[in-house]
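Me: I'd like a close look at a single part of this model. Please keep it brisk and explain the terms as you go.

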Amino acid sequence: MDTENLQRRRRTNATPHNAAVTEKRLKRGEILAKKKADKQLIKEAYAKKDHLASFPAFRHFQINGLSVCLKSGHGNALSSPVKRYIQNLLKLNMEGPYGSEWQVEEKVKRVEMVDPEACYIFVHEVDNSNADEMTTVLTTEDTSTSRLEDSSPLVGFVHYRFVLEEEVPVLYVYELQVEPRVQGKGLGKFLMELIELIAQKNCMGAVMLTVQKANLSAMKFYTSKLRYIISATSPSKVIPKMETSYEILCKTFNDEAKTILEVMHSLIYLVCT
């Protein structure tokens, strides 16, 4: 083939259409690579047996006469007493805010409770005199709660998972529950600070959670004290005219998460209306 024909062929192949196809393939490849990387982040986060191990200072919390120690756990390794405790505390704290929806939601939560992907932080009340000893116990390789159930009663727990939300890897808080007698002492804020550290340590783009609108104290706690905002994925943002009993809140840690979870769906709604 002579030089002139070769150059003509090259010019022919380099049409705008071919360039667009090539660009589209590159973008598709980038998207697939990102999805693969995000799924790997989720997998690696779940592979860690004890997320508290990276934050030893958070094993113990002591303030206003309250002294507690924290322990990690997993949904598929809960003992019967712990399951009963979780169910009872959920009913105590959430039956009111859920109202008529509670009967259905309680069944859903019982299934969620024991899911293998359910990660837990259990809060055990301890005497101030042996708090240091119990903290040492909690740093052992055994991550079950059985060693503390008899001597150190549970007073709360956090149930969280690592998930993809709108293709963004996030830590989703399914439950943050503490007994009424230990509320108002800063424990909830302490636990959420820990959750945010765990999320960032595992390269999650945000922390997300669902709050019942009727739970006014919880809404105020998350939005005023902790600076969470209503996510762009929340029903009130996606379809403002639709009546729902809950809001989805978020706190983002990078620009991508901020764009998708705080802004994007709101913009889509404005364009479509």
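Which strands does helix H8 (residues 216-225) lie across, and at about what angle does H8 run to S6?

Reply: Helix H8 lies across S5, S6 and strand S8 (246-252). Its angle to S6 is about 155°. Axes are lines fitted to C-alpha atoms, for helices over the stretch in contact, and angles run from 0 to 180 degrees between N-to-C directions. Contact means heavy atoms within 4.5 Å. Helices (H or I, at least four residues) and strands (E, at least two) are DSSP runs, numbered from the N terminus.

A word on the source. This is a predicted model, where local features need pLDDT of at least 70 and side-chain atom pairs count only at pLDDT 80 or more, while totals for chains, interfaces and linings use all residues. Residues are numbered from 1 along each chain as its sequence is written, and side-chain values use heavy atoms, with hydrogens and water left out.

Now the sheet itself. It is open, has eight strands and mixed pairing, and follows the order S1-S2-S3-S4-S5-S6-S8-S7. Strand S1 (60-63) and strand S7 (229-230) are the edges, each pairing on one side only. Two strands pair if DSSP finds at least two bridges between them. Strand S4 (residues 154-165) and strand S5 (residues 168-178) run antiparallel, joined by 10 bridges. Here Leu 164 stands opposite Pro 169 in S5.

Another helix crosses here. H3 (residues 80-98) lies across strand S3 (119-125), S4, S5 and strand S6 (206-212). H3 runs at about 80° to S4.

Next, helix H7 (residues 187-201). Its 15 residues should span 21 Å at 1.5 Å a residue, and its end C-alpha atoms are 21 Å apart, so the two agree. The expected span is 1.5 Å times one less than the number of residues. The buried residues of H7 include Phe 190, Leu 194 and Glu 196. Buried means under 20% relative accessible area, with a 1.4 Å probe and protein chains only. After H7 comes Cys 203, with a positive phi near 60°.

Now the whole chain. It has 10 helices and eight strands. Of its 273 residues, 44% are buried.

How far can you trust it? pLDDT is the predictor's confidence in each residue, from 0 to 100. The chain's mean pLDDT is 86, and 78% of residues reach 70 or more. Residues 6-14 fall below 50, with four contacts beyond near neighbours in sequence. Residues 268-272 are also below 50, with five such contacts. Where pLDDT is low, the predicted coordinates should not be read in detail.

Conventions
Buried < 20%, exposed > 50% of the residue type's maximum accessible area, 1.4 Å probe, protein only.
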